[in-house]
Amino acid sequence: MEIDVNQLKISIGDKYKIFIDRQQTHVASRKLISLLPVVYLYELNDARPRMTINKLLSFFKATYDITRWDNNVLEFRTKSFWKSQYECQVGDDSYSIYGHTGRKFSIFKNDTQVAWWGKNGVTWFEGDNYKIIADKNADIDLLISFCLIADNFSSESHGGNTLTIDLGNIGPQARKFDLEWQPK
């Protein structure tokens, strides 16, 4: 399965159009007035958020709470700031998110890879674009939420830029990117 997350930066606040296998299925938007960022993920044409992503006060670490549509709250936390490694416990399942050299991330569920995403390096008059490659039975809302958190955490500016260049991660990595991995 292929999920495209396309950020619209020229608009007021961050907005995203999300496509699964080239068909738009979700939208996301950042709350305009709030002390810390709040991002809402919606299914297309649904007024109730599937996920609400709240950034918590923390210096240098990605610390977010993800509230699902059923009010279940998930904690997304930094495991290693220097190696871009993150964790999220979802019931009995443990998700690990690894940043790699460049602009790639891998997602593991219970130590088995279920997805990865890459980010574009250069944009003109646009926001960031992420392409997630995932197993067919993966939790789509959760994968999109992880990607939106990475975008929110790494964004230095939320205004519209004419040209954006992202060199990606140049530091150490907790786990090497698996070039052989294929979605199931």
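## A covered helix

Helix H1 is mostly covered, with 12 of its 15 residues buried; buried means under 20% relative accessible area, exposed means over 50%, and partly exposed lies in between, using a 1.4 Å probe and protein chains only. This is a predicted model, in which local features need pLDDT of at least 70 and side-chain atom pairs count only at pLDDT 80 or more, while totals for chains, interfaces and linings use all residues. Residues are numbered from 1 along each chain as its sequence is written, and side-chain values use heavy atoms, with hydrogens and water left out.

Which residues of H1 are buried? They are Asp141, Leu142, Leu143, Ile144, Ser145, Phe146, Cys147, Leu148, Ile149, Ala150, Asp151 and Asn152. Just before them, Asp139 caps the N-terminal end of H1, with a side-chain oxygen 3.3 Å from the backbone nitrogen of Asp141. That is a polar contact, a pair of N or O atoms within 3.5 Å; within protein, one must be able to donate a hydrogen and the other to accept it, and residues adjacent in sequence count only if both atoms are side-chain atoms.

The length of H1 can be checked too. The expected span of a helix is 1.5 Å times one less than its number of residues. For the 15 residues of H1 this gives 21 Å, and the end C-alpha atoms are 21 Å apart, so the two agree.

## The barrel around it

The chain has 1 helix and 14 strands. Both kinds of element are DSSP runs numbered from the N terminus: helices are H or I with at least four residues, and strands are E with at least two. A closed barrel of 12 strands follows the order S1-S2-S3-S4-S5-S6-S7-S8-S9-S10-S11-S13, and the pairing is antiparallel. Neighbouring strands of this sheet are turned by 20° against each other on average, direction ignored. Axes here are lines fitted to C-alpha atoms, for helices over the stretch in contact, and angles run from 0 to 180 degrees between N-to-C directions. Two strands count as paired if DSSP finds at least two bridges between them.

One pairing makes a good example: strand S3 (residues 23-30) and strand S4 (residues 38-43) run antiparallel and are joined by 5 bridges. Across this pair, His26 stands opposite Glu43 in S4. Helix H1 (residues 140-154) packs on the sheet, and the strands it touches include S1 (2-8), S5 (51-55), S9 (93-99) and S13 (129-134). The direction of H1 makes about 25° with that of S5. Touching, or contact, means heavy atoms within 4.5 Å.

## Charged pairs

How many salt bridges does the structure hold? There are 10 salt bridges, each a side-chain nitrogen of Lys or Arg within 4 Å of a carboxyl oxygen of Asp or Glu. In one of them, the side chains of Lys131 and Asp4 meet at 3.0 Å, N to O. This pair links distant parts of the chain, with Lys131 in strand S13 and Asp4 in strand S1, 127 residues apart. Lys131 is partly exposed at 33% relative accessible area, whereas Asp4 is buried at 12%.

Two further pairs are worth finding. Arg50 bonds with Glu43 in a salt bridge whose closest N and O atoms are 3.9 Å apart, and Glu43 is partly exposed at 33% relative accessibility. Glu87 and Lys79 form another, with the closest N and O atoms 3.6 Å apart; Glu87 is partly exposed, at 33% relative accessibility. Salt bridges with shared partners join Glu2, Asp4 and Lys131 into one network.

## Residues in the loops

Two loop residues have a positive phi although they are not glycines: Arg22 at about 70° and Asn45 at about 65°. Arg22 sits in the loop between S2 and S3 and is exposed, with a relative accessible area of 70%. Asn45 belongs to the loop between S4 and S5 and is exposed at 80% relative accessibility.

Is His100, in the loop between S9 and S10, buried or exposed? At 2% relative accessibility, His100 is buried. Its side chain reaches the backbone nitrogen of Phe177 at 3.4 Å. Leaving out residues up to four places away in sequence, His100 touches Phe105, Ser106, Asn169, Gln173, Arg175, Lys176 and Phe177.

## The chain as a whole

Of the 184 residues in the chain, 42% are buried. Among contacts with a separation of 6 or more, 39% are between residues 24 or more positions apart.
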